[in-house]
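Good morning, and thank you for making time on the agenda. I should like to take you through one protein chain, and I ask that you keep the sequence and the structure in view as I speak.

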Amino acid sequence: MTTITAKIQIYVSNDQSKNLMATTNAYRNACNWLSKQVFKTKILNQAKLNDLHYKQLRGKFGLKSQMAQSVMKT
């Protein structure tokens, strides 16, 4: 199996740019917050992280389900 990597550039409108920045900022803030929680508790198991923090990630940072799961995988 061969892996192909593509580097692309996308062009977005000003409104799309603002939405993209808000989304990436929320994701980054959620990653930083969860990192602090992991550092305190030393829990690295994704299922346990999900049980403990999923609702907080969704509520506190306004993340959709897939983004909240991605934060825990990151």
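Let me begin with a question: where does Val12 lie in relation to α1? Val12 belongs to the segment before α1, and that helix covers 14-41. Before I go further, please note that this is a predicted model.

Val12 is partly exposed, because its relative accessible area is 39% and partly exposed covers values between 20% and 50%. Val12 also takes part in a nonpolar surface patch, together with Ile8, Ile10 and Leu20. The area of that patch is about 400 Å².

Another residue of the segment before α1 is Ile4. Is Ile4 buried or exposed? Ile4 is exposed, with a relative accessible area of 77%. Between Ile4 and Asn29 there are 31 Å from C-alpha to C-alpha, for a separation of 25 residues along the chain.

Let me now turn to the overall architecture. The protein chain has 3 helices and 0 strands, and its pattern along the sequence is α-α-α. The C-alpha trace spans about 40 × 40 × 20 Å along its principal axes. The radius of gyration of the protein chain is 15 Å, whereas a compact globule of 74 residues would have a value near 11 Å.

Two further values concern surface and burial. The accessible surface comes to about 6300 Å², and carbon and sulfur atoms account for 54% of that surface. Of the 74 residues, 23% are buried. As for contacts with a separation of 6 or more, 46% of them join residues 24 or more positions apart.

I come next to the interior. How many residues does the largest nonpolar core have? The largest nonpolar core has 15 residues, and among those with the most contacts inside it are Ala30, Leu34, Leu57, Phe61, Leu63, Val71 and Met72. Two or more residues of this core come from each of α1, α2 (46-61) and α3 (65-73). The helix that gives the most is α1, with 7 residues.

Leu63 deserves a closer look, as it is one of the core residues just named. Which residues is Leu63 in contact with, once neighbours within four places in sequence are left aside? They are Ala26, Tyr27, Ala30, Leu57, Arg58, Ala68 and Val71. Of these partners, Ala30, Leu57 and Val71 also appear among the core residues with the most contacts.

I now move to helix α2, where His53 is placed. Why does His53 count as buried? Its relative accessible area is 8%, and buried means under 20%. Apart from neighbours within four places in sequence, His53 is in contact with Trp33, Leu34 and Gln37.

Helix α2 also holds Gln56, which is partly exposed at 38% relative accessibility. Not counting residues up to four places away in sequence, Gln56 touches Trp33 and Phe61. Trp33 is thus a contact of both His53 and Gln56. From Gln56 to Val71 there are 15 residues in sequence, and the C-alpha atoms are 12 Å apart in space.

Let me return to α1 for two residues. Asn25 is placed in helix α1 and is partly exposed, with a relative accessible area of 26%. How far apart in space are Asn25 and Phe61, C-alpha to C-alpha? The distance is 9.4 Å, and the two residues are 36 residues apart in sequence.

Ser35 is likewise found in helix α1, and at 45% relative accessibility Ser35 counts as partly exposed. Ser35 and Asn50 are 15 residues apart in sequence, and their C-alpha atoms are 13 Å apart.

My last residue is Lys42, in the loop between α1 and α2. What is notable about its backbone is a positive phi of about 65°, although Lys42 is not a glycine. Lys42 counts as exposed because its relative accessibility is 58% and exposed means over 50%.

To draw this together, the predicted model shows a chain of 3 helices. A nonpolar core of 15 residues receives two or more residues from each of α1, α2 and α3. On the surface, Ile8, Ile10, Val12 and Leu20 make a nonpolar patch. Thank you for your attention.

Note on methods: Residues numbered from 1 in each chain as written. Predicted model: local features only at pLDDT ≥ 70, side-chain atom pairs only at ≥ 80, totals over all residues. Heavy atoms only, no water. Patch = residues over 30% accessible without salt bridge, like charges linked within 9 Å, V, L, I, M, F, W, Y side chains within 5 Å. Areas by Shrake-Rupley, 256 points an atom, 1.4 Å probe, with all protein chains shown as cover. Salt bridge = Lys/Arg side-chain N within 4 Å of Asp/Glu carboxyl O. Helix = DSSP H or I, 4+ residues; strand = E, 2+ residues; numbered from the N terminus. Buried < 20%, exposed > 50% of the residue type's maximum accessible area, 1.4 Å probe, protein only. Core = buried A, V, L, I, M, F, W, Y, C linked by side-chain atoms within 4.5 Å. Contact = heavy atoms within 4.5 Å. Rg over C-alpha atoms; globule rule 2.2 N^0.38 Å.
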